[in-house]
2 protein chains.
Amino acid sequence: MRPSDLPQVRALRLFESMSDPSFAALMQASYLQTFPAQLDLIHEGESADFLYVVIEGCVELYARSNGREATMAMAHPVTTFILAAVLRDAVYLMSARTCTRSKLLLIPAQNVREALEGDDGFARAIIQELAGCYRGVVKEYKSLKLRTSVEQLANRLLRYRKERGDADGAFELPYDKKTLASLLGMTPENLSRSFNTLKPYGVEVNGSQVRLTDVKALEILAKPNTLIDERAN
Amino acid sequence: MRPSDLPQVRALRLFESMSDPSFAALMQASYLQTFPAQLDLIHEGESADFLYVVIEGCVELYARSNGREATMAMAHPVTTFILAAVLRDAVYLMSARTCTRSKLLLIPAQNVREALEGDDGFARAIIQELAGCYRGVVKEYKSLKLRTSVEQLANRLLRYRKERGDADGAFELPYDKKTLASLLGMTPENLSRSFNTLKPYGVEVNGSQVRLTDVKALEILAKPNTLIDERAN
DNA sequence: CGTAGATTTGACGGAGTTCAAGCCTAGTGG
DNA sequence: CCACTAGGCTTGAACTCCGTCAAATCTACG
């Protein structure tokens, strides 16, 4: 990989407390590669050969069973994915494909595990990262179990507005509606109907542009919950 | 806590690679206590003061939002629960109550974090434990997103039969049906109807006694999936 | 301007919830 | 030993939500 890409990787919370030699050794064995959109990266059931880090672009994590497919999560810069499989030397539980053209760092799983043995700072950083991922899934799981589709969509819109809304509070949907639907656990048709349901609550949709004109009303419907919707914690 | 209880705690994978002094210090500060059934232990949103270990009995982890309540998981001997909150020094994402009279070990969160700093063996054991918990939730999440209620129940029954079925393959449901329903993400009424739906597939239910007389047929319906239903991985 | 793909809409059916009533069982008290 | 009652479980009916299929519409891009 190119030396010019190292600093941004080094700055990741996961790597910042790592010793210089460990980091150098790890990067020595890694690949930084750009993939086109819609490319299958890994499949559930395969053994975990690499730890992935999203440097640029966006990766969809999805799974199949009982003849169905569902989006499990979206990985954005700068995060890792499938860390747990690598640490346990197990098979992937999810598949992954790029959404857009994406720059990814591939770190051989064996090297990650070796670095873990030799570098206690890295081990502690891994614990924090893992615990954070764990809590992330628990939140998704809670949301799915405790909210209706419309509530999930409403909360998701409120979150997007907070994270990336402009001065007016308008924002663009980060994925196409088909993907958003799958992420929220519904069909594209149902997502479309859910947007309609939310129209009386000040949700204006135009293609991928969204504007919330009555956040108060939407919040009453959505009942946002710190223990589900906050990125921190 | 009583010295006679130490060995079984020490034998936990989480603690076995810990140094003797670290373990002694940790236990020194801990409490081993027996709680009656249906007792609330912790509430979501509270700061994580203790790491819990189920020594005997059974603990239900549940969550509330949008005016609803759902069972998230059941903790059995011998497992920890709410480890991630303790490690991140964050608030609990789930509440917990005992199902039956239960013997629990309470380890002060601060001591866990200190032990982590000083004991690398413990840090590595934590990584494995956390990664395992993480993969556990992902499996639950997949199951909920990819399966219908009936399929979930069918797979759950197949799992119980494998785990605790007697010579005939008969077994007892581990929780009352209301709890089982909530765990599977459905109402008690719907669980009852799902059992009826499964009758033609050889599922005989008598109170809490279950016998599967046609595992092949049930498997065709359930489509069990190694990447969801296997305890290992 | 035309086409492919994405999105929306309509119609329908199936799955799941709610509410209400009935049943069954275990523990209680006579 | 036998009612009796409370709670858990089941059943029925009505309704809502959501998925499926098919068709219409929209949109981006060549």
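Phe171(A) has Val210(A) as its bridge partner in strand S11 of chain A. This pair is a handy place to start looking around the structure, which is a predicted model.

**A small sheet in chain A**

Strand S11 covers residues 209-212 of chain A, and S9(A) pairs with S11(A) in the antiparallel sense over two bridges. Step back a little and you will find an open sheet of three strands, in the order S9-S11-S10, with antiparallel pairing. Strand S9 (171-172) and strand S10 (203-206) of chain A each have a single partner strand and stand at the edges, so one side of each is left without a neighbour in the sheet. As a general point, the strands of a sheet pair through backbone hydrogen bonds, either parallel or antiparallel.

**Where the protein meets DNA strand D**

Now turn to the DNA. DNA strand D is surrounded by 14 residues, and the closest are Ser149(A), Glu189(A), Lys177(B), Arg193(B) and Asn196(B). Which helices supply at least two residues each of the surface near DNA strand D? They are helix H9 (188-198) of chain A, together with helix H8 (177-183) and helix H9 (188-198) of chain B. H9(B) gives the largest share, with four residues.

What kinds of residues make up this surface near DNA strand D? Seven are charged, six are polar and one is nonpolar. On the DNA side, 60% of the atoms of strand D within 4 Å of the protein belong to sugar or phosphate, while the rest belong to bases.

Three side chains have a polar atom close to a phosphate oxygen of DNA strand D, as the table shows.

| Residue | Distance from its polar side-chain atom (N or O) to a phosphate oxygen of DNA strand D |
|---|---|
| Ser149(A) | 3.1 Å |
| Lys177(B) | 2.8 Å |
| Asn196(B) | 2.7 Å |

**A buried alanine in helix H5**

For a last stop, return to chain A and look for Ala115(A), which lies in helix H5 (residues 109-118). Is Ala115(A) buried or exposed? Its relative accessible area is 11%, and because buried means under 20%, Ala115(A) counts as buried.

Which residues touch Ala115(A), leaving aside its neighbours within four places in sequence? Ala115(A) is in contact with Met18(A), Leu26(A) and Phe122(A). Phe23(A) gives another way to see how the chain comes together here: Phe23(A) and Ala115(A) are 92 residues apart in sequence, and their C-alpha atoms are 8.2 Å apart in space.

Conventions
Residues are numbered from 1 along each chain as its sequence is written. Chains are lettered from A and ligands numbered from 1 in the order in which they are written. This is a predicted model: local features need pLDDT of at least 70, side-chain atom pairs count only at pLDDT 80 or more; totals for chains, interfaces and linings use all residues. Side-chain values use heavy atoms; hydrogens and water are left out. A residue is near a molecule or strand if one of its heavy atoms lies within 4 Å of it. A polar contact is a pair of N or O atoms within 3.5 Å; within protein, one must be able to donate a hydrogen and the other to accept it, and residues adjacent in sequence count only if both atoms are side-chain atoms. Ala, Val, Leu, Ile, Met, Phe, Trp, Tyr, Cys and Pro count as nonpolar, Asp, Glu, Lys and Arg as charged, and the others, Gly among them, as polar. Two strands pair if DSSP finds at least two bridges between them. Buried means under 20% relative accessible area, exposed over 50%, partly exposed in between (1.4 Å probe, protein chains only). Contact means heavy atoms within 4.5 Å.
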